[in-house]
Amino acid sequence: MPVESGSSAAARQAKQKRKSHSLSIRRTNSTEQDRSGLQRDMLEGQDTKLPLSLRNNLLDLFSQIEREFENLYIENLELRKEIETLNDRLTAEGQTFEGADLAKGALKTKASHSTSQLSQKLKTTYKASTSKIVSSFKATTSRAVCQLVREYVGHRDGIWDLSVTRTQPVVLGTASADHTAMLWSIETGKCLLKYLGHQGSVNSIKFHPTEQMALTGETTAVFCSRRSVIISQQTPCEDDVDFSDKDEADGEVEGPNDCPSVRVATTTLRSHQGVVIAADWLVGGKQVVTASWDRAANLYDVETSELVHSLTGHDQELTHCCTHPTQRLVVTSSRDTTFRLWDFRDPSIHSVNVFQGHTDTVTSAVFTVGDNVVSGSDDRTVKVWDLKNMRSPIATIRTDSAVNRISVSVSQRIIALPHDNRQVRLFDMSGVRLARLPRSNRQGHRRMVCCSTWCEDNTSCNLFSCGFDRQAIGWNINIPALLQEK
């Protein structure tokens with residue numbers, strides 16, 4: 001008796017399934033006809049505004065759609081049965097070992113993958129919990145009491161920079177994009193004097209260490225070739241004072257309009273080919289250093305107005321410059337992610353050291369008491385450096401926003417960080433966060449904070465900040481004695 005092969009048996013089985021499938025479809029069609037007829041009879045008894053022919057067409061279409069879906073459902077069931085049959089045949093022919101090995105390998109791969117995911121999740125959780133614990137310890141070590149004391153309003157555009165005089169009487173100076181620089185009474189908040197001798201945005205203001213002189217760096221319009229640094233007398237003569245600024249004031253000015261003004265500068269220094277973004281006095285006050293977008297920093301003699309040195313080496317535009325309070329040292333920062341230390345202590349040798357550690361524009365770098373430099377960057381970090389070891393910072397502060405022109409308190413050794421996100425935060429030299437200046441709808445800055453500066457000789461306001469909300473703010477920062485001893 002002949003034995004039926006496996007292939008012929010499978011073909012016969014598939015043929016029988018197709019036959020049964022066609023029978024089921026025919027039964028379905030008959031059922032659908034009865035169902036559609038029943039639905040048609042039910043709808044005829046209902047009140048409707050549709051014509052009878054349109055109703056019949058709709059019913060026929062819906063019946064066809066339902067039949068198509070039912071056919072697809074039946075085919076899906078038949079395919080599942082065929083798959084189960086093939087799986088049973090593979091099991092009977094002894095091919096389960098390879099499948100078992102493959103399954104085992106897949107399970108092993110899946111297990112290793114899940115294990116790695118679990119270990120990574122544990123590491124992340126551990127780091128997060130550890131950082132929270134460390135942050136909680138840092139937050140509970142001390143708290144600085146910050147209070148807004150006074151607002152200085154009068155500029156018609158954003159304020160780029162501000163500074164406090166080092167001699168008596170102590171006044172506040174602001175440099176604004178409205179082409180003016182103003183002097184303010186710290187105690188009353190009134191404008192004492194306005195400098196109008198600029199042709200463009202005033203980007204920097206610094207006061208002479210011993211005399212009544214103000215140094216302002218300006219930029220004219222892009223199409224104008226004039227770039228200059230203006231040195232003006234802080235206490236002008238009567239011939240230089242102009243009280244006609246009241247006529248030039250527009251309706252946007254919120255401050256007083258009767259502030260005296262100075263239009264003629266004592267000395268004008270020219271040699272830059274780009275925007276003068278910052279300027280500062282060297283120790284002694286006989287020379288000044290300027291930083292420009294032409295990628296150079298210039299050293300000038302104030303008495304002769306001559307260019308002494310041109311400090312080149314940065315690959316992109318300069319953003320800031322700062323001088324050491326007691327030594328002939330200059331630090332310049334740039335958009336090339338570096339800042340450079342220039343040493344003029346030896347007249348015969350002018351050395352330069354390059355600090356690399358940021359990944360974005362270095363917005364400012366300032367000296368502190370001792371041999372430290374603090375740098376801030378658009379990469380949302382602030383780093384404290386030791387001048388004796390330039391390879392790596394001794395402390396790193398990570399923030400959630402770009403950092404602008406920072407300042408360091410000489411007496412309290414506190415770093416004030418102005419941010420793009422309208423915040424001002426305070427840290428100590430070791431990177432521990434002390435406080436955040438209060439900000440709400442009624443107080444604090446409403447736009448980007450551009451600069452901060454400390455005042456060591458004033459008890460009511462010892463920290464000032466300015467921003468693009470056209471105002472400068474005086475703050476009183478009270479640090480616990482325990483923190484100062486630390």
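## Strand pairing and the S4–S5 hairpin

Two strands count as paired if DSSP finds at least two bridges between them. In this predicted model, strand S4 (residues 181-185) and S5 run antiparallel and are joined by 4 bridges. The two form a hairpin with 5 residues between the strands. Within that hairpin, Gly189 takes a positive phi near 80 degrees. One bridge partnership sets Trp184 against Cys191 in S5.

S5 spans residues 191-195 and is mostly covered, with 4 of its 5 residues buried. S5 also pairs with strand S10 (residues 261-262). That pairing has 2 bridges and runs parallel. Here Lys194 has Ser261 of S10 as its bridge partner. So S5 has an antiparallel pairing with S4 and a parallel pairing with S10, each of which meets the requirement of at least two bridges.

Ser185 sits in strand S4. Ser185 counts as buried because its relative accessibility is 14%, and the cut-off is under 20%. Beyond its neighbours within four places in sequence, Ser185 is in contact with Tyr152, Lys190 and Leu192.

## Overall make-up and confidence

The protein has 486 residues, and 44% of them count as buried. There are 5 helices and 30 strands. Among contacts with a separation of 6 or more, 49% come from residues 24 or more positions apart. The exposed area is about 26800 Å², and carbon and sulfur atoms supply 52% of it.

Mean pLDDT for the protein is 78. Residues at 70 or more make up 70% of the protein. Two segments with low values are residues 128-142, where pLDDT stays under 50, and residues 235-241, where pLDDT also stays under 50. For residues 128-142 the model has 5 contacts beyond four places in sequence. For residues 235-241 the model has 9 such contacts.

## A nonpolar patch on the surface

Eight side chains deserve a look here: Leu50, Leu54, Leu58, Leu61, Phe62, Ile65, Phe69 and Leu72. They form a nonpolar patch on the surface. Together they have about 790 Å² of accessible area.

Leu54 is one of them. Leu54 lies in helix H2, which covers residues 52-92. Its relative accessible area is 39%, so Leu54 is partly exposed. That value also satisfies the patch rule, because patch residues need over 30%.

## Salt bridges

A salt bridge here requires a side-chain nitrogen of Lys or Arg within 4 Å of a carboxyl oxygen of Asp or Glu. By this rule the protein has 6 salt bridges. One joins Asp343 to Arg345, with N and O 2.8 Å apart. Asp343 is buried, at 16% relative accessibility.

Asp371 and Lys388 form another, at 3.8 Å from N to O. Asp371 is in the loop between strand S20 (362-367) and strand S21 (372-377), while Lys388 is in the loop between strand S22 (381-386) and strand S23 (395-398), so the pair ties together parts 17 residues apart in sequence. Asp371 is partly exposed at 32% relative accessibility, whereas Lys388 is exposed at 70%.

In the salt bridge of Asp400 with Arg425, the closest N and O atoms are 3.2 Å apart. This pair links distant parts of the chain, 25 residues apart. Asp400 is in the loop between S23 and strand S24 (407-408), and Arg425 is in strand S26 (residues 424-428). Asp400 is partly exposed, with a relative accessible area of 44%. Arg425 is buried, at 8%. Elsewhere, salt bridges that share partners join Asp161, Lys206 and Arg405 into one network.

## Ala278 and its surroundings

Ala278 lies in strand S12 (residues 276-281). Ala278 counts as buried because its relative accessibility is 1%, against a cut-off of 20%.

Which residues does Ala278 touch, not counting those up to four places away in sequence? They are Ser204, Val289, Thr290, Ala291, His320, Cys321 and Arg405. Arg405 in that list is also a member of the salt-bridge network with Asp161 and Lys206. Ala278 and Ala297 are 19 residues apart in sequence, and their C-alpha atoms are 9.4 Å apart.

Methods: Residues are numbered from 1 along each chain as its sequence is written. Side-chain values use heavy atoms; hydrogens and water are left out. Patches are made of residues with over 30% relative accessible area and no salt bridge: like charges are joined within 9 Å, nonpolar side chains (Val, Leu, Ile, Met, Phe, Trp, Tyr) within 5 Å. Accessible areas come from the Shrake-Rupley method with a 1.4 Å probe; for residues, only the protein chains shown count as cover. Buried means under 20% relative accessible area, exposed over 50%, partly exposed in between (1.4 Å probe, protein chains only). pLDDT is the predictor's confidence in each residue, from 0 to 100. Contact means heavy atoms within 4.5 Å.
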